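The exercises below concern one structure, shown here with its sequence. Each task is followed by a solution worked out in steps.

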Amino acid sequence: RRPTHPIGWAFSLYGLLVGAALMCFALGIAWSDAGRGTDAGWAEAIGNCLATVAVLLIPAALLRFPDGSLLSLRWRWASWATVVTAALGGTATLLNGGWGGDAEQATVVSPLRSATRPWGDVASQAFYSMMVVSIVVAGASLILRYRSAHGVARQQMKWLAVAAAYLVASVIASLLFTGTAELDHPALVILLAGAFASVPGAVAVAILR
């Protein structure tokens, strides 16, 4: 109903990128079974690139919830940092394969990995650190908005605050206790997938009341 509102576009793009990533993963599995290793590597790298960029749309949306604008012009650095983090993660993924450029998670490493080492590893390490910072900063902006909100807006912020706290805690706990090498463990996949999905879910509940 508000086509210029950035949050709707962010979540729509999030869904499209994740859907496209799943298609790439399916192609990667099919090509791997057919013995087309290079094609499978490209499909998985592109799929993980799309999935990596999609995740950064969550803190980008949190920075602008609920009215679509930043807290103030001074928060532009946070918005740009999220864009840079997404670009860095996407680049690392294309170079290495694996989500966020972590080659240890890749079923088939990127065809570019051997020719570009160690740049993919450096970019991947920087990405994971910047991703955590981006999510924490987005959470901090929500806290500041909540303190100044009143009435309906304050009630809406409560829903998102719970989802954001779950997201921040899940990401930090996963990285601290397992490192990036075990992020493909089924239990962690469920935990993190639920955490990222809870944010657009909370926004939907808040907006529809």
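**Exercise 1. Locate Pro118 and describe the peptide bond before Pro118.**

Solution. Pro118 is found in the loop between helix H4 (113-116) and helix H5 (119-148). Helices here are DSSP runs of H or I with at least four residues, strands are runs of E with at least two, and both are numbered from the N terminus. The bond that joins Arg117 to Pro118 is cis, with omega about 5°. A second cis peptide bond links Phe65 and Pro66, where omega is also about 5°. Pro66 has its place in the loop between H2 and helix H3 (76-96). For context, most peptide bonds are trans.

The model is predicted: local features need pLDDT of at least 70, side-chain atom pairs count only at pLDDT 80 or more, and totals for chains, interfaces and linings use all residues. Residues are numbered from 1 along each chain as its sequence is written, and side-chain values use heavy atoms, with hydrogens and water left out.

**Exercise 2. Describe the overall make-up of the chain.**

Solution. Begin with the elements: the chain has 7 helices and 0 strands, in the order α-α-α-α-α-α-α from the N terminus on. Next, take the dimensions: the C-alpha trace spans about 60 × 30 × 30 Å along its principal axes. The radius of gyration (over C-alpha atoms) is 18 Å, which agrees with the value near 17 Å for a compact globule of 209 residues; the globule rule is 2.2 Å times the number of residues to the power 0.38. Finally, buried residues make up 43% of the 209 residues. Buried means under 20% relative accessible area, exposed over 50%, and partly exposed in between (1.4 Å probe, protein chains only).

**Exercise 3. How do H2 and H5 pack?**

Solution. The two helices pack at an angle of about 25°, with axes 8 Å apart. Axes are lines fitted to C-alpha atoms, for helices over the stretch in contact, and angles run from 0 to 180 degrees between N-to-C directions. The angle makes H2 roughly parallel to H5, since angles under 35 degrees count as roughly parallel, over 145 as roughly antiparallel, 65 to 115 as roughly perpendicular and the rest as oblique. Among the residues that meet are Val55, Pro59 and Leu62 in H2 and Phe127, Met131 and Ala138 in H5; contact means heavy atoms within 4.5 Å. By class, this contact has 9 nonpolar, 3 polar and no charged residues. Nonpolar covers Ala, Val, Leu, Ile, Met, Phe, Trp, Tyr, Cys and Pro, charged covers Asp, Glu, Lys and Arg, and the others, Gly among them, are polar.

**Exercise 4. At what angle do H2 and H7 pack?**

Solution. Helix H2 (residues 37-62) and helix H7 (residues 186-208) pack at about 40°, with their axes 11 Å apart. That makes H2 oblique to H7. On the H2 side, Val55, Ile58 and Leu62 meet Phe196, Val199 and Pro200 of H7. The residues of this contact divide into 6 nonpolar, no polar and no charged.

**Exercise 5. Is Ala45 buried or exposed?**

Solution. Ala45 has its place in helix H2. With a relative accessible area of 0%, Ala45 is buried. Not counting residues up to four places away in sequence, Ala45 touches Thr93, Leu94, Gly97 and Ser110. Ala45 and Pro111, 66 residues apart in sequence, are 8.6 Å apart in space, C-alpha to C-alpha.
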